[in-house]
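Subject: Structure for your review

Dear colleague,

Please find the sequence and the structure below. My findings follow, and I would be grateful if you read them with the coordinates open.

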Amino acid sequence: MELLFVVLGGAIIGLAGRYLLPNRHTHGSVLIPAVGVVSSAVLWVALTWAGLKWDGGWIWWITLLGTALIVAVADLLIGRVRAANDDRMLHALAKGAVAR
């Protein structure tokens, strides 16, 4: 049951990241929330396997703050890579280097 709440928290963090971070125009509307869901679930399970109790506070803090960090890094990294690839493609198209 707690995993459901953690995944819901990850989705909310991902949605917040989608609309609060600057690169929302460089990726789809579900990518960053999906990163939040997956990262929160993986962190929770890994911390559970590491021996943290689900009713303790540390597992919740580590999972939710770690998810926020992963979402922010993913958004910034995906945005930077996508913008660089778009610029490269624009220059290639402007020079006529890409086959039509």
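In which helix is D75 found? D75 belongs to helix α3, which covers residues 57-95. Please bear in mind throughout that this is a predicted model.

Overall architecture

The protein chain contains three helices and zero strands, and its pattern along the sequence is α-α-α. Its radius of gyration is 18 Å, whereas a compact globule of 100 residues would have a value near 13 Å. Along the principal axes, the C-alpha atoms occupy a box of roughly 60 × 25 × 20 Å.

Of the 100 residues in the protein chain, 25% are buried. The exposed surface of the chain comes to about 6,700 Å², and 73% of that area is supplied by carbon and sulfur atoms. When contacts between residues at least 6 apart in sequence are considered, 64% of them join residues at least 24 apart.

Charges and the salt bridge

The protein chain carries 8 positive and 5 negative charges, and the mean positions of the two sets lie 14 Å apart. As a general matter, side chains of opposite charge can pair when their charged atoms come close. How many salt bridges does the structure hold? There is one salt bridge. It is formed by R82 and D86, whose closest N and O atoms are 3.4 Å apart. The two residues are four positions apart in helix α3, so about one helical turn separates them. R82 has a relative accessible area of 41% and is therefore partly exposed. D86 is also assigned to the partly exposed class, because its relative accessibility is 39%.

D75 presents another situation. This residue is buried but has no salt bridge. The nearest side chain of opposite charge is that of R18, at 6.4 Å, and a salt bridge would require a side-chain nitrogen of Lys or Arg within 4 Å of a carboxyl oxygen. Setting aside residues up to four places away in sequence, D75 touches L21, P22, N23, H27 and I32.

Contacts of helix α2

Helix α2 spans residues 31-49 and includes S39. Is S39 buried or exposed? S39 has a relative accessible area of 8%, which means that it is buried. Apart from neighbours within four places in sequence, S39 is in contact with T67 and I70. By contrast, the C-alpha atoms of S39 and M89 are separated by 31 Å, with their positions 50 residues apart along the chain.

L47 is also found in helix α2. Its relative accessibility is 14%, so L47 counts as buried. Which residues does L47 touch, not counting those up to four places away in sequence? They are L52, I59, I62 and T63. L47 and L76 are 29 residues apart in sequence, and their C-alpha atoms are 26 Å apart in space.

Further positions in helix α3

Two other residues of helix α3 may be useful when you inspect the model. A83 is found in this helix, and it counts as partly exposed because its relative accessibility is 33%. From C-alpha to C-alpha, A83 lies 20 Å from I70, at a sequence separation of 13 residues.

L90 is likewise placed in helix α3. Its relative accessibility of 54% is why L90 counts as exposed. L90 and S40 are 50 residues apart in sequence, with a C-alpha to C-alpha distance of 36 Å.

Points to inspect

When you open the model, may I suggest viewing these places:

- the pair R82 and D86, joined by a salt bridge;
- the surroundings of D75, which is buried without a salt bridge;
- S39 in helix α2, with its contacts to T67 and I70;
- L47, with its contacts to L52, I59, I62 and T63.

With kind regards

How values were computed
Residues numbered from 1 in each chain as written. Predicted model: local features only at pLDDT ≥ 70, side-chain atom pairs only at ≥ 80, totals over all residues. Heavy atoms only, no water. Rg over C-alpha atoms; globule rule 2.2 N^0.38 Å. Buried < 20%, exposed > 50% of the residue type's maximum accessible area, 1.4 Å probe, protein only. Contact = heavy atoms within 4.5 Å. Areas by Shrake-Rupley, 256 points an atom, 1.4 Å probe, with all protein chains shown as cover. Lys, Arg positive; Asp, Glu negative; His and termini not counted. Charge placed at Lys NZ, Arg CZ, Asp CG, Glu CD.
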